[in-house]
Amino acid sequence: MALPLEFEGLTEAISGMGVDEKALITKLGSSHKEHRKLFRKASKSFFVEDEERAFEKCHDHFVKHLKLEFSRFNNAVVMWAMHPWERDARLVKKALKKGEESCNLIVEVSCTRSAEDLLGARKAYHSLFDQSMEEDIASHVHGPHRNLLVGLVSAYRYEGNKVKEDSAKSEAKILAEAVASSGEEAVEKDEVVRILSTRSKLHLQHLHKHFNEIKGSDLLGGVSESPLLNEALLCLLKPSLYFSKILDASLNKEADKTTKKWLTRVLVTRADHSDEMKEIKEEYHQLYGETLAQRIEENIKGNYKDFLITLLSKSD
Amino acid sequence: MATLKVSSSVPSPSDDAEQLRTAFEGWGTNEDLIISILGHRSAEQRKLIRQTYHETYGEDLLKTLDKELSNDFERAILLWTLEPGERDALLANEATKRWTSSNQVLMEVACTRTSSQLLHARQAYHARYKKSMEEDVAHHTTGDFRKLLVPLVSSYRYEGDEVNMTLAKQEAKLIHEKIKDKHYNDEDVIRILSTRSKAQINATFNRYQDDHGEEILKSLEEGDDDDKFLALLRSTIQCLTRPELYFVEVLRSAINKTGTDEGALTRVVTTRAEIDLKIIGAEYQRRNSIPLEKAITKDTRGDYEKMLVALLGEDDA
């Protein structure tokens with residue numbers, strides 16, 4: 001009879017993020033059924049003893065957990081194989097279906113992509129869903145941030161290097177006034193929406209500089225009471241910081257199911273943009289003291305981990 | 001249908017460029033020659049001529065035209081020679097400048113072009129003005145006009161024929177309620193007009209007529225005559241549903257008894273000659289009992305008249 005199962009190792013292989021497929025193959029695959037029974041009896045967090053009928057059944061959450069963890073690699077691969085435009089279109093559609101709490105995804109897609117990539121996502125949206133992205137968002141989002149979101153996805157920003165300094169300066173003043181006086185309603189102020197959803201990113205960077213000089217505080221320091229507005233500013237002005245923050249949140253062991261999915265999304269959607277990825281990696285290292293690759297090695301297992309590390313190394 | 005007449009065998013772009021060059025030589029300009037060539041070439045052909053002219057003579061054809069021609073004729077030639085995307089970008093840019101500002105032109109460009117034509121205009125705008133169209137429109141309009149025009153120029157409408165009849169019914173009802181209360185600038189009205197596909201919008205207003213017994217445009221006549229926003233809203237709906245009728249109205253005001261608005265006349269003829277000027281002409285005749293060409297020749301003269309007539313496909317060339 002083969003050796004008894006090494007419980008700790010096996011438990012380790014199916015806990016946390018991702019699944020250690022190799023360990024499961026070697027440790028579980030050739031195991032004897034008596035040893036598996038012992039494993040089930042010993043793993044009280046995964047299985048519960050039905051004493052009356054004399055068998056050990058799975059906890060519901062165990063089945064769900066396994067399904068989720070096994071699927072991370074699957075989802076990452078499918079997403080990776082997809083055209084970037086389709087990826088982004090599907091992300092926006094999913095966010096709309098989920099509701100208000102996923103509005104940040106729409107901000108992320110519309111503000112961190114290039115003008116051509118955002119346009120491509122809108123084209124893909126036509127093709128996949130027989131509607132325009134803006135009409136879907138406009139009809140499903142209610143409340144004060146609708147105009148901002150519709151404006152952000154409709155933008156086709158100038159990407160050249162001409163900036164009108166005096167406009168940037170006057171608009172910095174306008175923005176400063178709006179966030180100071182309007183609390184959470186800043187997000188629906190006409191001028192705020194206009195500036196954030198039509199100006200080029202370079203213009204906004206110049207605006208950022210002027211804002212900081214006028215106010216003596218950083219525009220990116222959570223300056224408004226509207227989280228969506230703050231996120232939009234961060235995505236438009238310093239995407240590497242934005243991405244570092246959400247990557248870190250997703251790698252936190254206590255993070256919820258939704259947050260953990262951010263890891264796949266960010267790495268898969270940004271891996272092709274080497275320059276950006278380099279910036280994200282640098283920013284992450286500066287902020288958190290270890291490299292993204294290290295953090296992933298520590299917290300993730302199996303094929304999912306290997307895939308993510310491979311994506312990361314494209315920009316080394 | 002287009003009115004532009006192009007013969008089945010046109011000279012090569014370099015022959016055309018050479019001929020055009022001769023039109024500029026010596027004193028004065030041979031406008032007839034310019035009309036006979038440019039007035040009978042498609043957008044693609046005009047693009048090649050412009051390129052070839054530049055390669056051969058080191059000058060932009062448009063700059064030369066600018067130097068040699070003047071007034072209405074020049075304007076017609078200029079607009080005509082530009083590529084459609086550049087043309088729309090130019091019209092939109094002018095419409096944001098103080099002395100030539102026009103909410104109507106902005107709406108017209110945004111609503112009577114296809115999604116990809118509008119996109120080309122936005123791309124051309126980047127290249128020509130080093131800014132985005134929407135940022136200029138946003139910066140130079142205010143209040144309700146901005147609320148309507150920015151989404152209109154930023155739209156990238158779905159272009160399929162699929163229509164959701166349930167949605168059409170809902171949105172027709174919504175619009176009816178808002179209009180009853182004279183909330184013309186309502187967010188949902190603007191949302192529907194600026195994001196839905198044209199097929200969906202048409203279905204919605206057909207539903208509106210079925211359910212409420214009158215056409216939407218009739219309902220919107222009940223408002224204040226001086227309400228400019230209401231007028232713009234009416235034109236927006238007309239552009240999205242029956243653009244040819246909108247253009248007939250523009251032409252009628254342009255060619256009325258008390259003088260001619262050459263700007264509008266030139267704009268409509270040059271932007272629609274390759275699209276639907278024939279249909280517009282037929283509608284014009286239906287409503288005014290006089291062919292469009294006659295109305296134009298009565299009110300214009302010289303090379304300007306000749307150019308317009310050529311674009312109408314009514315000259316003998």
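## Exercises on burial, cores and cysteines

B:I255 counts as buried, at 9% relative accessibility. Keep in mind as you work that this is a predicted model.

**Exercise 1.** Place B:I255 in its chain and find which residues it touches, leaving out those up to four places away in sequence.

*Solution.* Start with the backbone: B:I255 sits in a loop of chain B, between helix 16 (243-254) and helix 17 (262-272). Next, list the contacts of B:I255 beyond four places in sequence: B:L265, B:Y284, B:L292, B:A295, B:I296 and B:D299. Then turn to the record: the UniProt annotation "binding site", from an unreviewed entry, covers B:I255 and B:K257.

**Exercise 2.** Work out which residues touch the most other members of the largest nonpolar core, and which helix gives this core its largest share.

*Solution.* The core holds 90 residues, and B:I34, B:L65, B:I216 and B:L265 touch the most other members. Its largest share, 7 residues, is supplied by helix 15 (residues 228-241) of chain B. Now zoom in on B:L65: not counting residues up to four places away in sequence, B:L65 touches B:F24, B:I34, B:L38, B:E74, B:I77 and B:T81. A second, separate core has 73 residues, among them A:A186, A:L219, A:F243 and A:A271. As background, nonpolar side chains in soluble globular proteins tend to be buried together.

**Exercise 3.** Decide whether A:T259 and A:K245 are buried or partly exposed.

*Solution.* Take A:T259 to begin with, in helix 15 (residues 257-270) of chain A. Its relative accessible area is 12%, and buried means under 20%, so A:T259 is buried. Leaving out residues up to four places away in sequence, A:T259 touches A:A249 and A:S250.

Move on to A:K245, in helix 14 (residues 239-250) of chain A. Its relative accessible area is 41%, which lies between the 20% and 50% cut-offs, so A:K245 is partly exposed. For a sense of distance, A:K245 and A:S110 are 135 residues apart in sequence and 18 Å apart in space, C-alpha to C-alpha.

**Exercise 4.** Find how many disulfides the structure holds, and explain why A:C103 is in none.

*Solution.* Counting over all chains gives 0 disulfides. For A:C103, the nearest cysteine sulfur is that of A:C111, 12 Å away. A disulfide needs two cysteine sulfur atoms within 2.5 Å, so A:C103 is in no disulfide. Finish with accessibility: A:C103 counts as buried, at 5%, whereas A:C58 is partly exposed, with a relative accessible area of 38%.

Definitions and conventions:
Residues numbered from 1 in each chain as written. Chains lettered and ligands numbered in written order. Predicted model: local features only at pLDDT ≥ 70, side-chain atom pairs only at ≥ 80, totals over all residues. Heavy atoms only, no water. Buried < 20%, exposed > 50% of the residue type's maximum accessible area, 1.4 Å probe, protein only. Core = buried A, V, L, I, M, F, W, Y, C linked by side-chain atoms within 4.5 Å. Helix = DSSP H or I, 4+ residues; strand = E, 2+ residues; numbered from the N terminus. Contact = heavy atoms within 4.5 Å. UniProt positions renumbered as here; feature names shortened; annotations may be inferred.
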